[in-house]
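Student: I have a model open in my viewer and would like to learn how to read it. Could you walk me through it?

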Amino acid sequence: MAEPDNETDFDTESGEDVEREIVNEEAELFQQELWNELRFRESVLGDAYPFELITSRSVWTLAPREVETDALRVAHVLYNTCLMISALRSGLVKKSSKKDEEFKWLTTNAPNVIQAASYVAAAALLGGESHWFGWPRLDGTAKMRDALKNLVARVGHGRLKQRDPAWVTGQEKDGTIDVVVWRPFRDLRHGGLLMLGQVASGLNWPTKPARAFADSHFNDWFEEPIEHEYLTAMFMPFMLHADAAPNRDYSFDEVAEAQIRQSSISHGSMIDRVRLVDLVAEQLNIRSYRDELSAQGVGMYRWYSRALRALRTATTE
């Protein structure tokens, strides 16, 4: 006796009939991968993760996590802010004709929000001092040379060239370096740890290798650099393994790990959304940083509240 034909469903994207059993297997695999990813984020961040995975029998749901401390509230807002910036940059949140100006404001001011969070996270990364170097700066300096003078005064090391490099046009803002963090020894002499960090809020971050830009656009201003040896870092609101996918030869985890390793060769320490929130939550246990997180008249809280409003409006139109 011939086996009965498998039931099929019509796939509107391919225009072909697809066996329902295959569709179900793919759906189950997707749910399992989604569960694994959410569980990974929760396991890394703990209470700093703004959502809670709740399992009841064979069903799981994602619910907002209740918090009792100001530090955790800030961490939750930061995570959700990064999530919304990622959605905006990826085109997952569409602007409407009525809200073009609002989406423009959100897009324009997203870099300052991530800059502020990265400034806080950087201090936790080395357990040292961080300096907001990205433009516009907290110290109010507009010119690159003035900003470098302030940085040298804070660190206590480095000597600028008497004349600006010949390639300077006068329009330089920060030499692509947004955050400088250092951990000095008690004697305050040369040889401490120094990290030069870039902050990316756009999807073009792979085109900006931190070390190449640090040498050509930042250190070339110095006759004697702050430190001859330094680390680099890239801070971002995205998930580093967002585009990872298993293939015939490697699992999802293997592909994700390989992508992060490859990126770190060009950019240094990769601080993605989970790592950024983790570092900020750690640093907030030392002090609040509320003023810094509200810097430049934008502020994380203001940006987040306007993004929520825009999202609600977009979904109801």
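**Reading the sheet and the pockets**

Tutor: Happy to! Keep in mind that this is a predicted model. Let's begin with a pair of strands: β7 (residues 179–183) and β8 (residues 193–199) pair in the antiparallel sense over five bridges.

Student: What holds paired strands together in general?

Tutor: Strands of a sheet pair through backbone hydrogen bonds, and the pairing can be parallel or antiparallel. For a spot to look at in this model, find R183, which stands opposite L193 in β8.

Student: In what order do the strands of the open sheet run?

Tutor: Five strands make up the open sheet, and reading across gives β5-β7-β8-β10-β11, with mixed pairing. β5 (129–132) and β11 (269–271) are at the edges with a single partner strand each, so one side of each has no neighbour in the sheet. From one strand to the next, the twist averages 20 degrees.

Student: Which strands does helix α6 lie across?

Tutor: Helix α6 (residues 252–267) lies across β10 (231–235) and β11. Relative to β11, the helix runs at about 115 degrees.

Student: Now the pockets, please. How does one find empty space in a model?

Tutor: Rolling a probe the size of a water molecule over the atoms shows where empty space is left. Here, the largest pocket has a volume of about 1,300 Å³. It is lined by 42 residues, and those closest to its centre are R41, M239, H241, A242 and D243.

Student: Which elements give two or more residues to that lining?

Tutor: Those elements are α1 (20–45), α2 (70–90), α6 and α7 (273–284). You have met α6 already: this helix gives the most to the lining of the largest pocket, with 10 residues.

Student: And what classes of residue line the largest pocket?

Tutor: Its lining has 23 nonpolar, nine polar and 10 charged residues.

Student: How much space lies in the second largest pocket?

Tutor: About 510 Å³. Its lining comprises 22 residues, and P111, D174, D178, V199 and K208 lie nearest the centre.

Student: Which elements supply at least two residues of that lining?

Tutor: α3 (100–126) and β8 each do so. The helix α3 gives the most, with five residues. As for β8, you can trace this strand back to the open sheet, where β8 sits between β7 and β10 in the order.

Student: How do the residues lining the second largest pocket divide by class?

Tutor: They divide into eight nonpolar, 10 polar and four charged residues.

Notes
Residues numbered from 1 in each chain as written. Predicted model: local features only at pLDDT ≥ 70, side-chain atom pairs only at ≥ 80, totals over all residues. Heavy atoms only, no water. Pairing = 2+ DSSP bridges. Helix = DSSP H or I, 4+ residues; strand = E, 2+ residues; numbered from the N terminus. Axes fitted to C-alpha atoms, helices over the stretch in contact; angles between N-to-C directions. Contact = heavy atoms within 4.5 Å. 1 Å grid on protein atoms, 1.4 Å probe; cavity = no way out; pocket = protein on both sides within 12 Å on 5 of 7 lines; lining within 4 Å. Points joined across faces, edges and corners; volume = space filled by probe spheres on them. Nonpolar A, V, L, I, M, F, W, Y, C, P; charged D, E, K, R; others polar.
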